Amino acid sequence: MKKIVAWLSLFMLFLTGGMTVYGVSTPIQEKVVPQDSTIDVIGWFNKYDTLTYWIHETSWRINGADTVRTGLVSTKVRINVVDSTANGYKMEYTFLEFPTDTTATTPLADFQNKITAKLGQKIVGTTVHFETDEYGKITKFNNLGQIKKQAKSLFKQAITDFSKLPEIQGLKEMGLDIKDYTKGVDTDELVDGYLAELKMLFMNHGLSMQIGENTEHEDATDTQFENTSYSSVYRDAEDGAYHVIYDVTSILPQNELKAMVGGIVEYMANDSITEKFNENFDSQVKVDGTFEDYLKIDYMPCGWPYYVVRQKSTMIGSRGKLEQTVISLESYTLAK
């Protein structure tokens, strides 16, 4: 559901004058480091382990010192280990709850609440069945066909409801039909919305990481932007918990920004709006942009993650957008 809400929110944000740079992501490098001073991310899981997490996804629009929260989507999930063998684990990932944002203060946030309330009740109880190897690395999803069918159905319903809004009806009369734009939406991307946080929880399992801090800089090439990456891996002496941090900042040249944002405008708007964008961009944007991707995962000694922060920000001067996902462990029962 989160992908559906995010997609419709993007369209609403476009209508209300927000600007976001998409298609930019410096992949976080996962490296196996064969050195003695390392931490091995291994899941020492057991059958009947049960953990409940809260996922909070928040977005902000930044304009100098003025920061406005534009959305909040919360999800409660549960992970169960249903079988444990020498070769790996079979698990279930179940959606339990989708509360609405009681502090919504913007039209976009209010719109997200309506979509979340309507679709959430249809997703509660949905379970993703998956498997991992003996280290806890995800190796297989067993019921993606069912999840894809549900995501496609919910998206179709959301578009139908969205099209009935007075603002959207007015745009249709001007020649902009939202249903034309939905033809370019990949159902597989909607399914990713069910799995993104689950994959994040297990993304480091099976890796061996060097303890300490490291900073690297890469110049721009034909396939990547200039970027600086920072990583930190450390263990708590008292309780044995350990922590992995990645932080990558990329430089977005002005010409690339114009091409990326212009492509979105051209795809979503008519010729007059596209022409106006091209006329105003050069006069309004005089600096390069930056894209920062920050990730921190905290682990219990047994390998279960208990706190995750993923933050992505795109800035052009003092303006931009920030998106943050926080996953926190609410409760757990570990079998012995």
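Two strands are paired if DSSP finds at least two bridges between them. The model in these views is predicted.

**Figure 1. Overview of the protein chain.** The protein chain holds eight helices and 13 strands. Of its 336 residues, 46% are buried. Consider contacts between residues at least 6 apart in sequence: 67% of them join residues at least 24 apart. The accessible surface comes to about 17200 Å². Carbon and sulfur atoms account for 49% of that surface.

**Figure 2. An open sheet of eleven strands.** The strand order is E6-E5-E4-E3-E2-E13-E12-E11-E10-E9-E8. The pairing is antiparallel. Which strands form the edges? They are E6 and E8 (212-218), and each pairs on one side only. Neighbouring strands of this sheet are turned by 15 degrees against each other on average, with direction ignored. Strands of a sheet pair through backbone hydrogen bonds, and the pairing can be parallel or antiparallel.

**Figure 3. Strands E8, E9 and E10 at one end of the sheet order.** Edge strand E8 is joined to E9 (residues 227-235) by seven bridges. These two strands run antiparallel. Within this pair, Gly-212 faces Val-233 of E9. On to the next pair: nine bridges link E9 with E10 (residues 242-252), again in the antiparallel sense. Here Tyr-230 has Asp-247 in E10 as its bridge partner. A hairpin of six intervening residues connects E9 and E10. In its turn, Gly-240 has a positive phi of about 85 degrees.

**Figure 4. The hairpin of E11 and E12.** E11 (residues 289-299) and E12 run antiparallel, joined by eleven bridges. Tyr-299 stands opposite Pro-305 in E12. Five residues lie between the two strands. In this hairpin Gly-303 takes a positive phi near 100 degrees.

**Figure 5. The hairpin of E12 and E13.** Ten bridges pair E12 (residues 305-316) with E13 in the antiparallel sense. Two pairs of facing residues can be picked out here. Tyr-307 has Ser-328 in E13 as its bridge partner. Lys-312 stands opposite Glu-323 in E13. How many residues separate the two strands of this hairpin? There are two residues between E12 and E13. Gly-317, in the turn, has a positive phi of about 65 degrees.

**Figure 6. A salt bridge between Glu-330 and Lys-76.** The count of salt bridges in the model comes to four. In this one, the closest N and O atoms are 3.3 Å apart. Glu-330 lies in E13 (residues 319-333) and Lys-76 in E3 (residues 66-85), so the pair ties together parts that are 254 residues apart in sequence. The two ends are covered to unlike extents: Glu-330 is partly exposed, with a relative accessible area of 43%, whereas Lys-76 counts as buried at 18%. The cut-off for buried is under 20% relative accessible area. Side chains of opposite charge can pair when their charged atoms come close.

**Figure 7. Salt bridges of Lys-321 and Lys-296.** Glu-323 forms a salt bridge with Lys-321, with 3.1 Å between the closest N and O atoms. Is Glu-323 buried or partly exposed? At 35% relative accessibility, Glu-323 counts as partly exposed. Lys-321, by contrast, is buried, with a relative accessible area of 13%. In the other salt bridge, Asp-298 and Lys-296 meet through their side chains at 2.5 Å, N to O. Both of these residues are buried.

**Figure 8. The largest nonpolar core.** This core has 47 residues. Those with the most contacts inside it are Tyr-53, Ile-79, Met-91, Tyr-93, Phe-202 and Trp-304. Which element gives the largest share? Helix H6 (residues 187-202) does, with seven residues. Beyond its neighbours within four places in sequence, Tyr-93 is in contact with several residues, among them Ile-55, Val-77, Ile-79, Val-128, Phe-130, Tyr-194 and Leu-198. Its contacts also include Arg-78 and Glu-197. In soluble globular proteins, nonpolar side chains tend to be buried together.

**Figure 9. Surroundings of Ile-138.** Ile-138 sits in E6 (residues 138-141), an edge strand of the sheet. Leaving out residues up to four places away in sequence, Ile-138 touches Phe-130, Glu-131, Thr-132, Leu-198, Lys-199 and Phe-202. Of these, Phe-202 is also among the core residues with the most contacts. Gly-206 is 68 residues from Ile-138 along the chain. The C-alpha atoms of Ile-138 and Gly-206 are separated by 9.5 Å.

Terms used: Residues are numbered from 1 along each chain as its sequence is written. This is a predicted model: local features need pLDDT of at least 70, side-chain atom pairs count only at pLDDT 80 or more; totals for chains, interfaces and linings use all residues. Side-chain values use heavy atoms; hydrogens and water are left out. Helices (H or I, at least four residues) and strands (E, at least two) are DSSP runs, numbered from the N terminus. Buried means under 20% relative accessible area, exposed over 50%, partly exposed in between (1.4 Å probe, protein chains only). Contact means heavy atoms within 4.5 Å. Axes are lines fitted to C-alpha atoms, for helices over the stretch in contact, and angles run from 0 to 180 degrees between N-to-C directions. A nonpolar core is a set of buried Ala, Val, Leu, Ile, Met, Phe, Trp, Tyr and Cys residues joined through side-chain atoms within 4.5 Å. Accessible areas come from the Shrake-Rupley method with a 1.4 Å probe; for residues, only the protein chains shown count as cover.
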